[in-house]
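Biologist: I have a structure open on my screen and would like to learn how to read it. Could you take me through it feature by feature?

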Amino acid sequence: MNDLDFTGKTVLVVGGSSGIGNGVAQAFRARGATVAVWGTRDQGDYRKEDGSDLTGLTYARVDVSDSVAVAAAPAPFDSLDILVLAQGTVLYRRGEFEMDGFRKVVGVNLDSLMACAMRFAPDLKASGGNVVTISSTAAYHAARGNPAYAASKAGAVALTATLGQAWATDGVRVNGVAPGLVATKLTRVTTENPDRLAASLKGIPMHRLGTPADMAGAVLFLASPLASYITGQTLIVDGGLTL
Ligand SMILES: NC(=O)c1ccc[n+]([C@@H]2O[C@H](COP(=O)([O-])OP(=O)(O)OC[C@H]3O[C@@H](n4cnc5c(N)ncnc54)[C@H](OP(=O)(O)O)[C@@H]3O)[C@@H](O)[C@H]2O)c1
């Protein structure tokens with residue numbers, strides 16, 4: 001028996017249209033799952049060279065910052081086994097010091113996690129399924145230019161713990177992954193600037209960036225029967241960054 005074989009399982013990756021979520025979605029597909037992803041754009045706008053491989057995935061456009069749209073969104077499958085919440089956004093140039101910007105980031109990075117979790121809670125309770133959230137190591141330290149990002153990610157860690165506790169008796173596990181630095185469109189401002197990249201690498205004991213595949217490994221583990229007695233936890237996957 002292979003505990004990392006997801007054949008016959010259905011997976012929805014919110015924010016699975018690009019970056020880390022896309023890597024997670026493709027990792028589940030490679031291990032036999034039927035996978036749907038949500039993103040913000042028209043399907044034709046996504047390109048492999050930008051970190052968006054929709055091959056073999058069912059795609060739907062759902063703006064999860066709108067909780068009414070989340071509640072009304074059609075379920076991708078008749079039943080759901082695994083819900084991955086990988087949506088996220090950030091504002092640079094002090095945008096998060098304006099209340100509109102602050103609310104926008106918290107709306108995507110925290111409020112929408114709750115909206116999506118609630119939307120699919122009945123399906124997950126019916127299947128005995130589980131949730132994996134993607135927060136960030138920014139949950140655990142200050143982030144000078146990004147108060148909404150840091151606060152929302154700390155909130156995501158707390159939400160993961162609380163839903164894990166609340167839904168344990170329903171047979172639904174809720175866990176999370178907190179990535180360090182991964183090159184995606186969210187982090188281009190750092191990873192495509194040689195000076196900033198070099199400074200970032202200095203702070204990572206493993207001396208390399210993380211990849212979507214690195215994050216997917218932890219998500220697969222948490223979603224699998226190997227993690228059957230783990231709930232409410234967020235696993236830091238950062239090459240030692242926070243040590
Ligand atoms: N990259 C890192 O170093 C890093 C580190 C720590 C944590 N994280 C977290 O990892 C997660 C994935 O980020 P990423 O780095 O992979 O960046 P990304 O490539 O920009 O992926 C973000 C995903 O969220 C989706 N999304 C954003 N706003 C949305 C909305 N309102 N409704 C629906 N979907 C929405 C995006 O859709 P589109 O494809 O349509 O834009 C995309 O699929 C985020 O939660 C991020 O905070 C990333």
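**A central strand and its surroundings**

Modeller: Start with S1, which is covered on both faces: Thr10, Leu12 and Val14 are buried on one side, and Val11 and Val13 are buried on the other. Keep in mind throughout that this is a predicted model.

Biologist: How should I read two sets of residues in one strand?

Modeller: In a regular strand, side chains alternate between the two faces of the sheet. In S1, five of the five residues are buried, so the strand is largely enclosed by the rest of the structure.

Biologist: Which strand does S1 join through five bridges, and how do the two run?

Modeller: In general, strands of a sheet pair through backbone hydrogen bonds, and the pairing is either parallel or antiparallel. Here S1 is joined to S2 by five bridges, and the two run parallel. To find the register, look at Thr10, whose bridge partner in S2 is Thr34.

Biologist: What is the order of the strands in the sheet?

Modeller: The order is S3-S2-S1-S4-S5-S6-S7, an open sheet of seven strands with parallel pairing. The edges are strand S3 (58-61) and strand S7 (234-237); each has a single partner strand, so one side of each lacks a neighbour in the sheet. Neighbouring strands are turned against each other by 20° on average, direction ignored.

Biologist: How many bridges hold S7 to S6?

Modeller: Four bridges join S6, residues 173-179, to S7, and these strands run parallel. One pair to look for is Gly176 with its bridge partner Thr234 in S7.

Biologist: Now the whole chain. What is the pattern of helices and strands along the sequence?

Modeller: The protein has seven helices and seven strands. Read along the sequence, they follow β-α-β-β-α-β-α-β-α-β-α-α-α-β.

Biologist: Which strands does H1 lie across?

Modeller: H1 lies across S1 (10-14), S2, S4 (82-85), S5 (130-134) and S6, and runs at about 165° to S2. Helix H7, residues 212-223, lies across S4, S5, S6 and S7, at about 165° to S6.

Biologist: What does the radius of gyration say about the overall fold?

Modeller: A compact globule of 243 residues would have a radius of gyration near 18 Å; the protein has 17 Å, which agrees. The C-alpha trace spans about 50 × 40 × 40 Å along its principal axes. Buried residues make up 45% of the 243 residues.

Biologist: What share of the contacts comes from residues 24 or more positions apart?

Modeller: Among contacts with a separation of 6 or more, 72% are between residues 24 or more positions apart.

Biologist: There is also a ligand. Which residues come nearest to the ligand?

Modeller: The ligand has 29 residues around it, and Gly15, Gly19, Gly39, Gly88 and Thr184 come nearest. By character, the shell divides into eleven nonpolar, 15 polar and three charged residues. Helix H1 (19-30) and strand S2 (34-39) each supply at least two residues of this shell. H1 gives the most, with three residues.

Biologist: Where do I find residues with a positive phi that are not glycine?

Modeller: Most residues other than glycine have a negative phi. Arg93 has a positive phi of about 55°, and Arg94 has a positive phi near 65°. Arg93 is in the loop between S4 and helix H3 (99-127), and Arg94 lies in that loop between S4 and H3 as well.

Biologist: Are those two arginines buried or exposed?

Modeller: Arg93 counts as exposed, with 9 C-beta neighbours inside 10 Å. Arg94 is exposed too, with 11 other C-beta atoms within 10 Å; the cut-off for exposed is 12 or fewer.

Biologist: What about Tyr140 and Ala142: where do they lie?

Modeller: Tyr140 lies in the loop between S5 and H4, and Ala142 is placed in the loop between S5 and helix H4 (147-167). Tyr140 has 17 C-beta neighbours inside 10 Å and counts as partly exposed, whereas Ala142 has 8 other C-beta atoms within 10 Å and is exposed.

Biologist: How far is Tyr140 from Ala151 in sequence and in space?

Modeller: They are eleven residues apart in sequence and 9.4 Å apart in space, C-alpha to C-alpha. Ala142 and Ile236 are 94 residues apart in sequence and 16 Å apart in space, again C-alpha to C-alpha.

How values were computed:
Residues are numbered from 1 along each chain as its sequence is written. This is a predicted model: local features need pLDDT of at least 70, side-chain atom pairs count only at pLDDT 80 or more; totals for chains, interfaces and linings use all residues. The radius of gyration is taken over C-alpha atoms; the globule rule is 2.2 Å times the number of residues to the power 0.38. A residue is buried if 20 or more other C-beta atoms lie within 10 Å of its own, exposed if 12 or fewer, and partly exposed in between; C-beta atoms are placed from the backbone. Two residues are in contact if their C-beta atoms, placed from the backbone, lie within 7 Å. A residue is near a molecule or strand if its C-beta atom, placed from the backbone, lies within 6 Å of it. Ala, Val, Leu, Ile, Met, Phe, Trp, Tyr, Cys and Pro count as nonpolar, Asp, Glu, Lys and Arg as charged, and the others, Gly among them, as polar. Two strands pair if DSSP finds at least two bridges between them. Axes are lines fitted to C-alpha atoms, for helices over the stretch in contact, and angles run from 0 to 180 degrees between N-to-C directions.
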